[in-house]
Every structure is written in C-alpha cells, then in structure tokens.
Amino acid sequence: MTTHVHLIPVALFLGALGLSGFLWALRSGHHEDLDGAAERILIEPDQQNSEGQRTN
C-alpha cells in the first residue's frame with residue numbers, strides 16, 4: 001500500500017508531462033503537413049519545378 005503513495009504521483013506527473021509535450025507539439029506546428037514529408041521523399045530533387053511540384 002505504501003508503494004501506491006509513491007507510484008500514483010509519479011504516474012500523474014508522467015501523464016502531465018506527456019500531455020504538455022503533445023500540446024506543445026500541436027501549438028508549434030509539428031503536425032500540420034503530415035502528407036508533405038511522406039510524398040517529398042518519393043520525389044527526386046531534379047524532378048521538382050520552382051513550386052516544389054513534380055514534373056512529368
């Protein structure tokens with residue numbers, strides 16, 4: 001029972017730390033362009049025009 005006295009505050013602290021990290025990532029824009037990075041790796045640099053779109 002005494003371990004609960006120590007583990008519950010530690011669990012609450014780690015949960016709050018994870019939540020604050022997630023909220024910080026949302027506010028700083030880390031989750032705005034998820035598809036762009038996934039598609040950008042497939043496009044070779046010499047096939048991009050000035051707008052960053054792939055040319056055929």
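Visitor: What share of the protein's 56 residues counts as buried?
Guide: Bear in mind that this is a predicted model. Buried here means under 20% relative accessible area. Of the 56 residues, the share that counts as buried is 4%.

Visitor: How much area does the protein expose, and what part of it do carbon and sulfur atoms supply?
Guide: The protein exposes about 5300 Å². Of that area, the part supplied by carbon and sulfur atoms is 62%.

Visitor: How many helices and strands are there, and what does H1 reach from its first C-alpha to its last?
Guide: The protein has two helices and zero strands. H1 has 26 residues, and at 1.5 Å a residue you'd expect 38 Å. From first C-alpha to last, the helix comes close to that, reaching 39 Å.

Visitor: Which residue with a positive phi follows H1?
Guide: H1 covers residues 2-27. The residue that follows the helix has a phi near 85°, and it's Gly29.

Visitor: Is Leu14 buried or exposed?
Guide: Leu14 sits in H1, and it joins Val10, Phe13 and Leu17 in making a nonpolar surface patch of about 400 Å². The cut-off for exposed is over 50%. Because its relative accessibility is 52%, Leu14 counts as exposed.

Notes: Residues numbered from 1 in each chain as written. Predicted model: local features only at pLDDT ≥ 70, side-chain atom pairs only at ≥ 80, totals over all residues. Heavy atoms only, no water. Patch = residues over 30% accessible without salt bridge, like charges linked within 9 Å, V, L, I, M, F, W, Y side chains within 5 Å. Areas by Shrake-Rupley, 256 points an atom, 1.4 Å probe, with all protein chains shown as cover. Salt bridge = Lys/Arg side-chain N within 4 Å of Asp/Glu carboxyl O. Helix = DSSP H or I, 4+ residues; strand = E, 2+ residues; numbered from the N terminus. Buried < 20%, exposed > 50% of the residue type's maximum accessible area, 1.4 Å probe, protein only. Expected span 1.5 Å × (residues − 1).
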